[in-house]
Amino acid sequence: MQRDEPAAGSLYLVGTPIGHMGDLSPRASHLLTTVDVIACEDTRHSGQLLSNLQARGRKVSFHQHNIRTRLPQLLEFLEEGQSLAVISDAGLPGISDPGEELATAARQAGYPVLCIPGPCAATTALVSSGLPSGRFCFEGFLPSKGKERRQRLEQLSSEHRTTVLYEAPHRLLTLLGELSSCCGPDRPIQVARELTKRHEEQVGPTVEAALAHFQQTRPQGEFTLVLGGATPMAQPAPSDAELTEQLQQLMAQGVSASDAARQLAATTGLSRRRLYALLHQDESD
Ligand code: SAM
């Protein structure tokens, strides 16, 4: 823990639990207890956490519907030299919530912006899905309808990386149905429900299986979807003309016909005899 935290005139994006209260870090807890102002998505929702911590800072609501009016006020706190923390209803502020706008505005205005890292539903779901996590995309909530939504779904159909999506429970079945149509019923998926909470579960392994499960069991709670990437299309086999050209290129470099066939056989997995025959066929034409 940094002894000089919170610093005057600095913005802190503070990660809070997505379910399990044991996930609040000592550093986050210290910061929230001592900071001058706390911007919360929902002051009532965060009230319990902040009162348990005996946080004495001023609480200010900051949500989707008051971003425009609140931003200048929050920047003014920083200008006055007050320390400011922002927390979302759950998780890491700045991921699919107004913390993003505040961080952008504060940085543009030249104030220090620091993150006190904590749980995030997207990364928690990703790493426990068992799907490839070396390269991944985050889509958050898809646009709710229309052309934009269709375009994003279309992009997902050919996306090779694992993609993480957020969805509200009453829209989960619609989304799974759309994913089945655009990505195919066999596309791998893990639907993470109620992460870090008592009834945490992951439902998969395919879009079809998840859809069937939630058609039987009404979706309740919070959901993060981890969608496997599209399988890369197999490369089309090279034509005889392309193979002949490659053989001739090797021979133009001084490689004998039989060595050219051997080298190309090693890189393509094709039979040396067949490649050699292509050269003879070319000569006889
Ligand atoms: N900033 C948050 C974060 O770092 O995860 C996300 C905020 S976004 C407004 C809320 C969405 O996150 C929910 O609708 C749900 O899709 C996902 N989410 C939050 N908590 C979750 C949990 N415990 N299990 C599964 N998904 C969760």
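**Figure 1. Helix H6 packed across strands of the sheet in the predicted model.** Helix H6, spanning residues 146–158, lies across S6, strand S7 (162–167) and strand S10 (223–227). Relative to S7, helix H6 runs at about 150°.

**Figure 2. The five-stranded open sheet.** The strands follow the order S6-S7-S10-S8-S9, and their pairing is mixed. Strand S6 (136–140) and strand S9 (201–203) stand at the edges; each has a single partner strand, so one side of each is left without a neighbour in the sheet. From one strand to the next, the twist averages 20°.

**Figure 3. Pairing of strands S8 and S9.** Strand S8, residues 189–193, pairs with S9 in the antiparallel sense, over three bridges. Val191 has Val203 of S9 as its bridge partner. Strand S9 is one of the edge strands of the sheet.

**Figure 4. Surroundings of Cys115.** Within the model, the count of disulfides comes to zero. Cys115 is in no disulfide: the nearest cysteine sulfur belongs to Cys120 and is 9.8 Å away, whereas a disulfide requires sulfur atoms within 2.5 Å. Cys115 is partly exposed, with a relative accessible area of 37%.

**Figure 5. Surroundings of Cys183.** For Cys183, the nearest cysteine sulfur is that of Cys182, at 3.5 Å. A disulfide is a pair of cysteine sulfur atoms within 2.5 Å, and Cys183 is in no disulfide. Cys183 is buried, its relative accessible area being 14%.

Terms used. Residues are numbered from 1 along each chain as its sequence is written. This is a predicted model: local features need pLDDT of at least 70, side-chain atom pairs count only at pLDDT 80 or more; totals for chains, interfaces and linings use all residues. Side-chain values use heavy atoms; hydrogens and water are left out. Two strands pair if DSSP finds at least two bridges between them. Helices (H or I, at least four residues) and strands (E, at least two) are DSSP runs, numbered from the N terminus. Axes are lines fitted to C-alpha atoms, for helices over the stretch in contact, and angles run from 0 to 180 degrees between N-to-C directions. Contact means heavy atoms within 4.5 Å. Buried means under 20% relative accessible area, exposed over 50%, partly exposed in between (1.4 Å probe, protein chains only).
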